[in-house]
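Me: Could you take a close look at one part of this model for me, namely the sheet and what lies around it? I would like a connected account rather than a list.

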Amino acid sequence: MDLGIRGRKAIVNGGSAGMGRSAVQALAREGVELYVSSRGEERLVQACKEIADDTGAKVVPICADHSTPEGREKILAACPEPDILVGTCSPPPMTPDYRAITDQQWRDAIDISLLSPVEFMRRVIDGMAERNWGRIVNIATVAAKYPGEIRVLSGATRAALTNYTVAVSKLVAKHNVIINNLLPGMHHSAFVEVQFNERAAAKGITYDEEVAEFSREWRIAAERFGDCDDVGDFVAMFCSQQANYITGQSLVIDGGATTSIF
Ligand SMILES: NC(=O)c1ccc[n+]([C@@H]2O[C@H](COP(=O)([O-])OP(=O)(O)OC[C@H]3O[C@@H](n4cnc5c(N)ncnc54)[C@H](OP(=O)(O)O)[C@@H]3O)[C@@H](O)[C@H]2O)c1
C-alpha cells in the first residue's frame, strides 16, 4: 500500500536506535526526507547512512539532545517546516521502589518524556496548520494507560503527554493536522537488550530465558517480546495520508499483555 507521503519532510527525535530507528526506516521506505536526532554521534551517523543506502531516501543526522532548549533549536534549524514529527527517547529508569525516586530523576523524566515533545508540538503545529497537512506521532509507553510500580517515571510523564496530545489534537484536526500516540509494551530494543542481559547475567541464565520468564510473569499473551519494527511500521501508518481521520488516539502494541475491550 502506498502511504501517500513521498516527498514529505519528517523530524524523528531519538532515531538512531530502537523503535525510533525503525520509524526512520519505515518512513524512508515511503520516500520521506528525514531529519534524525540523537545524542550519540557515531551510532546516529551509522544508522542514517545505512537507512539512506538501503532506501535511497535523504536521511540527515542531527547530533542533539532533544530534552534541552539548545538541542531543540539545532533540530528545528535543520528542518524548520516539518510535515511529520515523531518523538521518542530511551525509557526512563525502572522504579522498583517509588520512595527511592529522586527529585532529579523526576526532572529528567519530565524534560525528556513530556516537555520535549510538548515544546516540539508547540513549535511545529502552526506551520502544519497553515500548510493544511501534518502528522505527529509520539512513541510513549503502555504504562501511560496501564500504570505499573516499576514504570512510575515512564508512565506518569507519558500519561500527561497523552492527555495533552488528545486535547491539542481536537484543536487542529480541522487543519488536517493529525496527532496520535503509540503505547509499546516490551520490545527487543537496544535499551531492553542491555537491561535484560544484565538481569540474565545476575541470575546466571541467558537473555532468552530471562525474556521468557518476564513474559510469563507479566502475562504477555504472545509469550515473547515484540520487535522494534512492530512499532516503527505503525508510526509510518499513523503518518500516512490514509490516517487523515484518526486523531487523538493512543494505540497499545504489547502482544496482548494488557486487557481492555475497547
Ligand atoms: N523497549 C521497550 O520494551 C519499551 C517498553 C515500553 C516503552 N518503551 C518506550 O518506547 C520508546 C523507545 O524506546 P527504545 O527501547 O526504542 O529506546 P532505545 O533503544 O534506547 O532508543 C532510544 C533512542 O533515542 C535516542 N535518545 C535518547 N535520549 C535522547 C535525547 N535526550 N535526545 C536525543 N535522542 C535521544 C537514543 O540515542 P542516544 O542515546 O544516542 O541519544 C536512541 O536513538 C521510549 O519512549 C520508551 O519509553 C520502550
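Reply: Since this is a predicted model, a careful place to begin is a single loop residue beside the sheet: Asn-176 is partly exposed, because 16 other C-beta atoms lie within 10 Å of its own, which falls between the 12 or fewer of an exposed residue and the 20 or more of a buried one. Asn-176 sits in the loop between α5 and β6, and although Asn-176 is not a glycine, its phi is positive, at about 65°.

The two elements that flank this loop also meet in the packing, for helix α5 (residues 152-172) lies across β5 (134-139), β6 (177-184) and β7, and runs at about 160° to β6.

Those strands belong to an open sheet of seven strands, paired in parallel and ordered β3-β2-β1-β4-β5-β6-β7. At its edges are β3 (59-63) and β7 (250-253), each of which pairs on one side only, and from one strand to the next the twist averages 15°. Elsewhere in the order, strand β1 (residues 9-13) runs parallel to strand β4 (residues 84-87) and is joined to it by four bridges; in β4, Ile-84 is the bridge partner of Ala-10.

A further loop residue can be set beside Asn-176. Arg-219, in the loop between α7 (207-217) and α8 (228-238), likewise has a positive phi without being a glycine, here of about 50°. Arg-219 is exposed, because 11 other C-beta atoms lie within 10 Å, and 12 or fewer counts as exposed.

Conventions:
Residues are numbered from 1 along each chain as its sequence is written. This is a predicted model: local features need pLDDT of at least 70, side-chain atom pairs count only at pLDDT 80 or more; totals for chains, interfaces and linings use all residues. Two strands pair if DSSP finds at least two bridges between them. Axes are lines fitted to C-alpha atoms, for helices over the stretch in contact, and angles run from 0 to 180 degrees between N-to-C directions. Two residues are in contact if their C-beta atoms, placed from the backbone, lie within 7 Å.
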